[in-house]
Amino acid sequence: MTGPAPEIREEAPPRQRRHTLFFLEVIRDFSPVFLDTEVDMTGVLAHRAAAARDEGRRYSTVSYVLHAAGRVLARHPDANAAVRGGPRRPRVARYPFVNGKVALDSTLEGRRVVLGAVVPRVHECGLGEIQDHLDRVRRGDPERLPEFEGIRRLHRLPWAEARKQFRQAADSLTLRPHVTGTFAVTSLGHRAVDAFHSVGGTTTTFGVGRVLDRPVVREGGVAVAPVMRLSLSFDHRVIDGAEAADVLTEVKEALEGV
């Protein structure tokens, strides 16, 4: 038997996701190239276990990546930069500080959303400071935390005005590092995701996959080690592949040297 066709409703996107839609519109000018590598996480996991045992501290994988990438990018000012404008009159800003943005899976007004939290001057922060910052924004109420007041304000505005204000902020090379960071880290390693590539609105974006035991070659023999896939998306308008490869390799080496 066939009954009446189910009604299909059309409605505006959820207000709580406006900032994501505006962000996706802004980054259309991004010219992405994608790299990836594998990181032996033996040292990181040993350090994490010792911290949990001796200090009662839990460090996330994202904190280690922020800590390593912040110091690497401080040595690569051309990669710690941003661009605005079209091909006729582009402008590039190189920043004397490194701010790391982290994408957070959060809930705002009952709606699951992604929020970006910026860790300022991450190149000068210790691992504990980074973890404390992430713990505060992850555990705090996004409807009250001052870091997300800008997003909440956008959600209260009419669509056209909110879109205009978001684009104005994104076009400002002075405001941008404080809103989106000078680099970004995003992780899906809490699920069965080995690797992914994301564009975080910054010249460099690191994608963090899960840590999984894999076969590795050591001293001519095969061994098993905890391995993480680490990707890097970079904006080719700002840097070229050789420097991006240097950045990714140096972050890998820093993580393996923990």
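Let's start with Gln16, which sits in the segment before α1. This is a predicted model, and in it Gln16 has 10% relative accessibility, so the residue counts as buried, the cut-off being under 20%. Who keeps Gln16 company? Setting aside residues up to four places away in sequence, Gln16 touches Leu108, Glu109, Arg111, Val113 and His155.

That last contact, His155, is a handy stepping stone to helix α5, which covers residues 149-156. Which residues of α5 are buried? They are Ile151, Arg152, Leu154 and His155. Looking down the axis of α5, you would find these buried residues within an arc of 155 degrees, so they line one face of the helix. A bit of background helps here: an α-helix has 3.6 residues a turn, so residues three or four places apart point the same way. And what lies over the buried residues of α5? The cover includes two helices, α1 (18-26) and α6 (159-171), along with the strands β4 (100-108) and β5 (111-119).

The helices α1 and α6 turn up again when we look at charged pairs. How many salt bridges does a search of the whole structure find? It finds 20. One of them pairs Arg163 with Glu25, and their closest N and O atoms are 2.4 Å apart. Arg163 belongs to helix α6 and Glu25 to helix α1, so this pair ties together parts that are 138 residues apart in sequence. How open to the outside are the two partners? Arg163 counts as partly exposed at 38% relative accessibility, while Glu25, at 19%, counts as buried. With the cut-off for buried set at under 20%, that 19% puts Glu25 on the buried side.

Strands get tied together in this way too. Arg218 forms a salt bridge with Asp40, with 2.5 Å between the closest N and O atoms. Since Arg218 is in strand β7 (residues 204-218) and Asp40 is in strand β1 (residues 32-40), the pair ties together parts that are 178 residues apart in sequence. Here Arg218 is partly exposed, with 39% relative accessibility, and Asp40 is buried, at 18%.

A third salt bridge brings the side chains of Asp78 and Arg94 together, at 2.7 Å from N to O. This pair links distant parts of the chain, 16 residues apart: Asp78 is in the loop between α3 (61-74) and β2 (81-84), and Arg94 is in strand β3 (residues 91-94). Asp78 is partly exposed, with a relative accessible area of 34%, whereas Arg94 counts as exposed at 52%. Salt bridges can also share partners, and in that way Glu149, Arg152 and Arg156 are joined into one network. You have already met Arg152, as one of the buried residues of α5.

Now back to the loop between α3 and β2, where we also find His76. Is His76 buried or exposed? At 9% relative accessibility, His76 counts as buried. Apart from residues up to four places away in sequence, His76 touches Glu243, Asp246, Val247 and Glu250. For a sense of distance, take Ala5: His76 and Ala5 are 71 residues apart in sequence and 59 Å apart in space, going from C-alpha to C-alpha.

Another loop worth a visit is the one between β6 (183-187) and β7, because Phe196 lies there and is buried, with a relative accessible area of 15%. Leaving out neighbours within four places in sequence, Phe196 is in contact with Thr186, Ser187, Leu188, Gly207, Val208 and Ser231. Phe196 and Leu115 are 81 residues apart in sequence and 18 Å apart in space, again from C-alpha to C-alpha.

Let's finish with the empty space inside. The count comes to one cavity of 30 Å³ or more, and the largest cavity has a volume of about 40 Å³. What lines the largest cavity? Its lining is made up of Ala81, Ala82, Tyr95, Arg176, Thr180, Gly181, Thr182, Gly201, Thr202 and Thr203. Sorted by class, that lining has three nonpolar, six polar and one charged residues.

Methods
Residues are numbered from 1 along each chain as its sequence is written. This is a predicted model: local features need pLDDT of at least 70, side-chain atom pairs count only at pLDDT 80 or more; totals for chains, interfaces and linings use all residues. Side-chain values use heavy atoms; hydrogens and water are left out. Buried means under 20% relative accessible area, exposed over 50%, partly exposed in between (1.4 Å probe, protein chains only). Helices (H or I, at least four residues) and strands (E, at least two) are DSSP runs, numbered from the N terminus. The arc is that of the directions from the helix axis to the C-beta atoms. Contact means heavy atoms within 4.5 Å. On a 1 Å grid over the protein atoms alone, a cavity is a set of points where a 1.4 Å probe fits but cannot get out, and a pocket is an open set with protein on both sides within 12 Å along at least five of seven lines; lining residues have an atom within 4 Å of a point. Grid points are joined across faces, edges and corners, and a volume is the space filled by probe spheres set on the points. Ala, Val, Leu, Ile, Met, Phe, Trp, Tyr, Cys and Pro count as nonpolar, Asp, Glu, Lys and Arg as charged, and the others, Gly among them, as polar. A salt bridge is a side-chain nitrogen of Lys or Arg within 4 Å of a carboxyl oxygen of Asp or Glu.
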